Amino acid sequence: MESATAPDSTLARQTAVIGAGAWGTALADLLARNGHAVTLWAYEPEVAESITRQHENPRFLPGAHLAPSVRATSDLAVAVDGASLVCVATPSHLLRGILRKAAPHLARSAALCIASKGIETETLALMTDVATEEARGHPVVALSGPSFAAEVVARQPTAIVAASDDEAASVLVQEALSNSHFRVYTHDDIIGVELGGSLKNVMAVAAGMVDGLGLGHNSRAALITRGLAEMTRLGVALGARPATFAGLAGLGDLVLTCTGSLSRNRTVGVDVGRGATLAEAVAGKETVAEGVTTTRSAHALAAREGVEMPIVATVHRILFDGYPARLAIGELMTRELRAEQDA
C-alpha cells in the first residue's frame with residue numbers, strides 16, 4: 001500500500017493518542033518529550049482534566065509526572081483534528097467502535113499506529129486489520145514489544161518494534177517515538193509482530209498460574225519455552241515468519257510479561273492459581289488484562305486453523321470451564337511424549 005502524503009517525519013508533528021490508560025498515557029508523554037504537539041483522548045472527562053491541569057493520571061498511571069505540554073480531551077474529534085500521526089492504545093475489544101467514530105475526523109494524511117494488543121473475539125481479526133477496515137486509505141503500523149508503561153514513563157531503556165507493509169509509515173513511527181531511552185526497530189512482518197504481542201498475554205496468564213500454584217523456576221522456564229513454540233506454530237500457519245517470534249515482539253515481550261511483577265495478565269493468573277475464580281481475579285481492577293479476552297479468541301483461532309495449542313487450551317479450560325489449575329497443569333505434563341521439534 002502506498003503511504004499517504006505526510007510531513008517530513010524528522011520534524012515535530014501534530015500527534016494524537018487515543019486511549020488514556022497506562023500505555024496510552026506513557027506514549028503521549030514520550031511523544032511530548034520528543035517535541036511533538038500531543039493531544040490525548042480519554043474516555044473519562046475527569047481523567048482528561050487531571051492530565052491537562054495537574055499533568056498526572058492517578059487513575060491509570062499513578063505516580064507519573066507527565067510532560068506539561070500534553071493536552072487531554074474527552075472529545076474524540078478534537079483529539080485527532082489535524083494530527084498526522086494517531087496512536088491508538090484502547091482495549092482491543094473497544095478498538096473497532098472507537099476507530100469507527102474517529103475515522104471521519106482523521107486528516108487525509110494521517111498514519112495510524114496501533115498500540116493495542118489483542119485478537120477481535122467476533123471476527124478473529126488482528127488489530128491492524130480492524131484499523132484498516134475502519135480507517136480505509138490510511139497507512140497502519142503495529143507497535144509491540146516488551147514495554148511496561150510505568151518503566152517507559154520513568155524513562156528506563158526500552159526497545160520495541162513498529163511493523164507495517166508501508167515502510168514510510170513504520171519509519172515515521174520509529175522516528176516520532178525514538179530517543180536516547182526508547183528505541184524503535186522497524187519490521188515488515190505485521191502478522192508475527194501482532195500475534196506475538198497478543199498471544200504472550202495468554203502465556204502470561206499461564207505463567208501466573210504456575211507461580212500461584214507455588215511451582216518453581218523449572219516449571220516457569222518450561223512454560224515460557226513451550227508457549228513460544230505454540231505462538232510460533234500459530235503464527236506460521238497464518239503467514240508469519242518464525243524468526244519474528246525470536247525477536248522483541250515475540251520472545252522479548254513473552255519473557256517480560258511472564259516474569260514481571262507489573263504484568264496485569266500474570267497477576268490474574270497468580271490469583272487463579274491460588275484458587276480464585278476468574279470473576280474474583282479481575283474484580284475491582286481498573287486496567288484490562290487482555291490475556292483473558294485473547295484466550296477466547298486464540299483458542300478459536302487455533303481451532304479454525306487446525307493448530308495444536310495445548311497451553312492455550314488449558315488456560316481456556318481453567319478460566320472459562322472452572323477446571324482446577326493444579327489438575328490442568330498435571331495433565332499438560334502427562335501429554336503424549338514426542339520430539340521437541342514436532343511438539
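Eight strands of this predicted model form an open sheet of mixed pairing, in the order E3-E2-E1-E4-E5-E6-E7-E8. Here two strands count as paired if DSSP finds at least two bridges between them, and the elements themselves are DSSP runs numbered from the N terminus, with helices being H or I of at least four residues and strands E of at least two. The edges are strand E3 (71-73) and strand E8 (182-187), each of which pairs on one side only. From one strand to the next, the twist averages 25 degrees. Angles in this passage run from 0 to 180 degrees between N-to-C directions, and axes are lines fitted to C-alpha atoms, for helices over the stretch in contact.

A few housekeeping notes may help at this point: residues are numbered from 1 along each chain as its sequence is written, and side-chain values use heavy atoms, with hydrogens and water left out. Because the model is predicted, local features need pLDDT of at least 70 and side-chain atom pairs count only at pLDDT 80 or more, while totals for chains, interfaces and linings use all residues.

Within the sheet, E1 and E2 pair in the parallel sense over five bridges, and Gln-14 stands opposite Ala-37 in E2. E1 is mostly covered, with four of its five residues buried; buried means under 20% relative accessible area, exposed over 50%, and partly exposed in between, for a 1.4 Å probe and protein chains only. Strand E6 (residues 140-144) and strand E7 (residues 158-163) instead pair in the antiparallel sense, over three bridges. Leu-143 has Ala-162 in E7 as its bridge partner.

Helices also pack on this sheet. Helix H8 (residues 190-212) touches E6, E7 and E8, and its direction makes about 40 degrees with that of E6; contact means heavy atoms within 4.5 Å. Helix H1 (residues 22-33) lies across strand E1 (14-18), strand E2 (37-41), strand E4 (85-88), E6 and E8, and runs at about 170 degrees to E2.

H8 also meets helix H14 (residues 310-321), the two packing at an angle of about 65 degrees with their axes 10 Å apart. H8 is therefore roughly perpendicular to H14, on a scale where angles under 35 degrees count as roughly parallel, over 145 as roughly antiparallel, 65 to 115 as roughly perpendicular and the rest as oblique. The crossing of H8 with H14 is left-handed, a label given if the near helix is turned anticlockwise from the far one by less than a right angle, and right-handed if clockwise. H8 contributes Val-202, Met-203, Val-205, Ala-206 and Met-209 to the contact, and H14 contributes Ile-311, Val-312, Val-315, Ile-318 and Leu-319. By class, this contact of H8 with H14 has ten nonpolar, no polar and no charged residues. In that count, Ala, Val, Leu, Ile, Met, Phe, Trp, Tyr, Cys and Pro are nonpolar, Asp, Glu, Lys and Arg are charged, and the others, Gly among them, are polar.

A further partner of H14 is helix H9 (residues 217-237), whose axis comes within 8 Å of that of H14 and crosses it at roughly 105 degrees. H9 and H14 are therefore roughly perpendicular to each other. On the H9 side, Leu-223, Arg-226, Gly-227, Glu-230 and Arg-233 meet Pro-310, Ile-311 and Val-312 of H14. The residues of this contact of H9 with H14 divide into four nonpolar, one polar and three charged.

Several individual residues round out the picture. Ser-198 sits in helix H8 and is buried, with a relative accessible area of 0%. Leaving aside neighbours within four places in sequence, Ser-198 is in contact with Lys-117, Gly-118, Ile-119 and Thr-294. Leu-99, found in helix H4 (residues 95-102), counts as buried at 1% relative accessibility. Not counting residues up to four places away in sequence, Leu-99 touches Val-88, Leu-112, Ala-131 and Glu-134.

Backbone geometry adds two loop residues. Most residues other than glycine have a negative phi. His-55, although not a glycine, has a positive phi of about 60 degrees; His-55 lies in the loop between helix H2 (45-54) and E3 and, at 22% relative accessibility, counts as partly exposed. Leu-124 likewise has a positive phi, near 60 degrees. The loop holding Leu-124 runs between strand E5 (111-114) and helix H5 (127-134), and Leu-124 is buried, with a relative accessible area of 15%.
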